[in-house]
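Let's take a walk through this protein together, moving from its sheets and helices to the residues packed between them. Have the model open beside you as you read.

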Amino acid sequence: MFANINDCENGALQPGAEITAQISGYTHDGWGVARLNGRVVFIPGALQGEQVRAEIAEERRGVFYARLLAVLEPSAQRVQPDCPVYDGCGGCQLQHMSYAEELQFKQGQVQAALQRLGGFAPEELACMRPIIPAADGQIYHYRNKGIFHVIWRGDKYTLSFWDENSHQPARAVCQLLFPMPVNSLLERLQDGDLPPGVDDVLIRYSFAEQRLMLFLCFSAPVDDAKLTAARNYLQQISAEFAGLLVWGVRTTAGWQIFSSESFLTDSLDNVQYQIAPEAFFQINNSQILRLLAVLEKILAPATGVLLDAYCGIGTLGIYLAKHLPGLQRLIGVEVNAEAVHNARNNARQNGLRMAEFWQGRAENEFARLLKKHINIDAAVVDPPRRGCHKQLLNGLLQLAPEKLVYVSCNPATLARDLQMFCAEKYALSLVQPVDMFPRTKHVECVALMSRVNAH
C-alpha cells in the first residue's frame, strides 16, 4: 500500500501503509513532522526539508507515527552518526543532525514552548539570546553521571539506557557520551559476573580528580547473602580500577557505602564540591560553567541577599557566593537531608561564612523567610523536570525579590511557570538557552525575570 503527500486519502494512513512526505519541522523530541492532507505524521530520524519514504506504524490521538524507510532527498544538515551503536543505544537522539542544525532545533524548541505554552508574544521574547553551544571538541564524553539498567535474561545480562520512546531497554551501551574511564568501567561490568538481583548501576566521574563512584542498585529487598556478594564484587572491581574511590549499594533500606571514602570531590573553576551518591550535580562540567557565567553577570549588580531554592548540594549558590562581590548572605533550601549536609560542608570547604542551608521543602520555607522579614534581592530556582510546585511559585510571588532567575531543563514546564510569574509581578528580561546536553534532544535554559516597578 502506498500513499503520496499530494494525493493520498485519509483512509490510506493506517498501520503498514507506505508514504512519501516532505518534512516541514520537528517535534520537541527532534522527530521530523510531515503533514498529509491535514493529517500529522511524526517520523523519527527525518530532518527538516527532507523528502522521505516511511511506513505508518500506529496512530495515537489523531497523530500518526511512522518508521523511516529511506531518505529520498537528504538535507544538507544530515551527517553520518559518530557512534557505531547510535541506532540501538538511546543515549543520543540527534547524531544524524549537524551540530548547527541541533542548535537551531533547540533554540526553536525554547521559543516555541514560550510562545505556544507560555503565551508570550514575539515582542516579549526579543530578550531571547542565541543558544550557548558546547566548545569545540566537547560535544561528546561530557557526562559525569550515568544510570544503566541491568536487563536480565536468565543468568545473563546486559547494561543499557532505557529508550524513552519505546519504553524498552536499548539494544546497546553508549559509546560517546561518557569519558573513557567510565567507558572502561562499563566494559568491565559487562563481563557477566555482576551479582544477581542488581537492577541498575550508577556511575559518577570527577573530572577534577579523575576518580570514579560505583553503586549497585536493588529495587527488591536484599538478604545478607546478596549483600555479601555485592560487597565482594565491588571489592574486586575496586582492586582492578585504581580510580574507583567510592562504592556501595542502594537498597530499599537506603544507600550503603562500603568504601572508606563516602563522596567524590569535583570542582567548577575555583569552587570545590563534595558529591554524595544520591546528590544532584549538573552532568556537564564545562557547560554548567558557561551557564554560571550568565548567572554571575545578571546577578552581579546589587545582589546582597540571594535565595537558592532547590539548592541540592549548593552547586549554583555556592559558586555565585564565591563570585558575586557584593553578596552578603546566601540562603539555600533543599528537602534532601544528605544534600543539605553536603551543601554545608561545601560552603565551609570554600570559606563561605555567609552561606546557610535550610532543610525542608522550598514551598514550605517561605513562611519562615517572611516571618523573619528577610529581604531577598534575588532568587534562583533550578527545579526538576516537572517544574516548580505551585506553592513555591506563590511563595516566590509573596517574597517578590527584584530578580527571579529560573534554570530549567524542560521548556514546557519553564513556559508554564514563567506564565504565572509574568501574569503577576514580573516581566521577562532575558532568556538564554544553553546546550547542556549535546547530541541529545534536551536543552537547558536560563530565564531572568525582573519585578515590574521595582524600587
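A good place to begin is helix α4 (residues 224–240), which lies across β13, β14 (244–251) and β15. The direction of α4 makes about 165 degrees with that of β14. Please keep in mind throughout that this is a predicted model.

The strands under α4 lead us to a sheet. Which strands form it, and in what order? It is an open sheet of 6 strands, and reading across it you meet β9-β8-β12-β13-β14-β15, with mixed pairing. At its edges stand β9 (156–160) and β15 (254–257); each has a single partner strand, so one side of each is left without a neighbour in the sheet. On average, neighbouring strands here are turned by 25 degrees against each other, direction ignored.

Now look inside this sheet at one pair. Strand β8 (residues 145–153) and strand β12 (residues 200–206) run antiparallel and are joined over 5 bridges. If you want a residue to anchor the eye, find H149, which stands opposite D200 in β12. Helix α3 (residues 180–189) also packs on this sheet, where it touches β8, β9, β12 and β13 (211–217). Relative to the direction of β12, that of α3 is at about 155 degrees.

Let's move on to another sheet. This one is open too, with 7 strands in the order β20-β19-β18-β21-β22-β24-β23, and its pairing is mixed. Its edge strands are β20 (355–359) and β23 (426–434), each of which pairs on one side only. Neighbouring strands in this sheet are turned by 15 degrees against each other on average, direction ignored.

Within it, strand β18 (residues 305–309) pairs with strand β21 (residues 378–381) in the parallel sense, over 4 bridges. L307 has A379 in β21 as its bridge partner. Helix α8 (residues 362–371) packs on this sheet and touches β18, β19 (329–334) and β20; the directions of α8 and β20 make about 120 degrees.

Helices also pack on each other. Helix α9 (residues 390–399) meets helix α10 (residues 411–422) at an angle of about 35 degrees, and their axes are 10 Å apart. The crossing of α9 past α10 is right-handed. Which residues make up this meeting? From α9 come K390, L393, N394, L396 and L397, and from α10 come D417, M420 and F421.

Next, the nonpolar interior. The largest nonpolar core has 83 residues, of which V201, I203, L216 and L295 touch the most other members. Helix α5 (residues 285–299) gives the most to this core, with 7 residues. Look at L295: beyond its neighbours within four places in sequence, it is in contact with L316, L320, V405, V407 and V446. Another core, of 44 residues, lies apart from the one around L295, and its members include A113, L396, L414 and Y426. You have already met L396, in α9 where that helix packs on α10.

Finally, a look at the cysteines. How many disulfides does the model contain? The count comes to 0. C388 is in no disulfide: the nearest cysteine sulfur, that of C409, is 11 Å away, whereas a disulfide here requires the sulfur atoms to be within 2.5 Å. Is C388 buried or exposed? With a relative accessible area of 6%, C388 is buried. C217 is buried as well, with a relative accessible area of 3%.

Technical notes
Residues are numbered from 1 along each chain as its sequence is written. This is a predicted model: local features need pLDDT of at least 70, side-chain atom pairs count only at pLDDT 80 or more; totals for chains, interfaces and linings use all residues. Side-chain values use heavy atoms; hydrogens and water are left out. A nonpolar core is a set of buried Ala, Val, Leu, Ile, Met, Phe, Trp, Tyr and Cys residues joined through side-chain atoms within 4.5 Å. Buried means under 20% relative accessible area, exposed over 50%, partly exposed in between (1.4 Å probe, protein chains only). Helices (H or I, at least four residues) and strands (E, at least two) are DSSP runs, numbered from the N terminus. Contact means heavy atoms within 4.5 Å. Two strands pair if DSSP finds at least two bridges between them. Axes are lines fitted to C-alpha atoms, for helices over the stretch in contact, and angles run from 0 to 180 degrees between N-to-C directions. A crossing is left-handed if the near helix is turned anticlockwise from the far one by less than a right angle, and right-handed if clockwise.
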